[in-house]
Amino acid sequence: MDKKTIRFKIKRQDGPDASPYWEEFEIPWAPKHNVVSSLMEIRRNPVNIQGERVRPVVWDSNCMEEVCGACTMLINGFPRQACSTLVDSLPQPIVLEPLTKFPVVRDLQVDREKMFQALLQVKAWVDIDGSWDIHEGGPRISQKDWQKTYEFARCMTCGCCMEVCPQFHPGSAFIGPAPLGQVHKTVHNPTGKLQAEERLHAIMGDGGITDCGNAQNCIQACPKDIPLTDAIADLGRKTTIQWLKDIFLT
Ligand code: SF4
């Protein structure tokens, strides 16, 4: 009887400027394989279906529990995490490709620097959060606000929302949905609110909130069910109010 196997079709690229090409691999079936464990199996014996020994496939991964977002890639055409995608749930051949909105470093590894730069641009962190408890008297976070901001704190900068956003691409200045979600989180934090004006100004110019085309793909793609469209709607209202304040109060 034929042994059960798992077949992969992988889009490969030898370097940032090299041309992509496809290569297929087959590994023996084993229970509970996810995409990362399958890639490890291929790496152990990098022989393609033609029987040629080839360069091992390169990919990123780290936490292996869908928290860091590093192993995000296109799996059968959809952006998702390779660590939490079980191969038995997928039709074969399982097609693996790098995300298309970020430059390819090698094979399935991409450079998501553009997203991290956007987080810097919007100051997507809260200065001195927590130290109020030491000094007493600072704004405390209510349970309601905590719940609201916690939803957005689950973002793992995986880039799925950026991948499916038609407005975010290598030629656009749009910062994309994930950084906007983080602006929403920080302006709702009692301490972060103190710099709300600065953060809102950071998304009011070119590449900011008005570049969102309201396609709403981001909310469908987010593996953490982060309500990105609520954030974008809220930031739309807040930036309009800020714009009026800038005109009439300065
Ligand atoms: Fe990934 Fe969701 Fe964060 Fe976008 S908002 S980067 S899809 S976790």
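Where does Glu66 lie? Glu66 sits in the loop between α1 (35-44) and β3 (72-75). Please keep in mind that this is a predicted model. Below is a friendly walk from that residue to the ligand shell, on to the helices that pack against α6, and finally to two backbone details.

**Glu66 and its surroundings**

- The side chain of Glu66 makes a polar contact with the side chain of Ser84, at 2.7 Å.
- Leaving aside residues up to four places away in sequence, Glu66 touches Gln81, Cys83, Ser84, Met156, Pro223 and Lys224.
- Two of these contacts, Met156 and Pro223, also appear among the residues around the ligand.

**The ligand shell**

- One stretch of residues around the ligand consists of Cys155, Met156, Thr157, Cys158, Gly159, Cys160 and Cys161.
- The ligand is also surrounded by Ala178, Cys222, Pro223, Ile226 and Leu228.
- Sorted by class, this shell holds 10 nonpolar and 2 polar residues, with no charged residues.
- Ala178 belongs to the ligand shell, and Ala178 of α6 also takes part in the contact with α2.
- Leu228 is likewise part of the ligand shell, while on the helix side Leu228 of α9 helps to make the contact with α6.

**α4 against α6**

- Helix α4 (residues 143-153) and helix α6 (residues 177-187) have axes that come within 9 Å and cross at roughly 155 degrees.
- The two helices, α4 and α6, are therefore roughly antiparallel to each other.
- Their crossing, that of α4 and α6, is left-handed.
- From α4, Thr149, Phe152 and Ala153 meet Gly181, Gln182, His184 and Lys185 in α6.
- By class, this contact of α4 with α6 involves 2 nonpolar, 4 polar and 1 charged residues.

**α2 against α6**

- The axes of helix α2 (residues 113-121) and α6 also come within 9 Å, here crossing at roughly 25 degrees.
- That angle makes α2 roughly parallel to α6.
- The crossing of α2 and α6 is right-handed.
- On the α2 side the contact is made by Met115, Ala118 and Leu119, and on the α6 side by Ala178, Pro179 and Gln182.
- The class count for the contact of α2 with α6 is 5 nonpolar, 1 polar and no charged residues.
- Gln182 of α6 is worth a look in the viewer: this residue is part of the contact with α2 and is also met by α4.

**α6 against α9**

- For α6 and helix α9 (residues 228-248), the axes come within 9 Å and cross at roughly 65 degrees.
- This crossing of α6 and α9 is left-handed.
- From α6, the contact is made by Pro177, Leu180, Gly181, Val183, His184 and Val187.
- From α9, the partners are Leu228, Ala231, Ile232, Asp234, Leu235 and Lys238.
- By class, the contact of α6 with α9 has 8 nonpolar, 2 polar and 2 charged residues.
- Gly181 and His184 of α6 take part in this contact with α9 and are also among the residues that meet α4.

**Backbone details in the loops**

- Gln92 and Pro93 are joined by a cis peptide bond, with omega about 0 degrees.
- Pro93 is found in the loop between β4 (78-81) and β5 (94-97).
- Asn76 has a phi near 50 degrees, which is a positive value in a residue other than glycine.
- The loop that holds Asn76 runs between β3 and β4.

Key
Residues are numbered from 1 along each chain as its sequence is written. This is a predicted model: local features need pLDDT of at least 70, side-chain atom pairs count only at pLDDT 80 or more; totals for chains, interfaces and linings use all residues. Side-chain values use heavy atoms; hydrogens and water are left out. Helices (H or I, at least four residues) and strands (E, at least two) are DSSP runs, numbered from the N terminus. A polar contact is a pair of N or O atoms within 3.5 Å; within protein, one must be able to donate a hydrogen and the other to accept it, and residues adjacent in sequence count only if both atoms are side-chain atoms. Contact means heavy atoms within 4.5 Å. A residue is near a molecule or strand if one of its heavy atoms lies within 4 Å of it. Ala, Val, Leu, Ile, Met, Phe, Trp, Tyr, Cys and Pro count as nonpolar, Asp, Glu, Lys and Arg as charged, and the others, Gly among them, as polar. Axes are lines fitted to C-alpha atoms, for helices over the stretch in contact, and angles run from 0 to 180 degrees between N-to-C directions. Angles under 35 degrees count as roughly parallel, over 145 as roughly antiparallel, 65 to 115 as roughly perpendicular and the rest as oblique. A crossing is left-handed if the near helix is turned anticlockwise from the far one by less than a right angle, and right-handed if clockwise.
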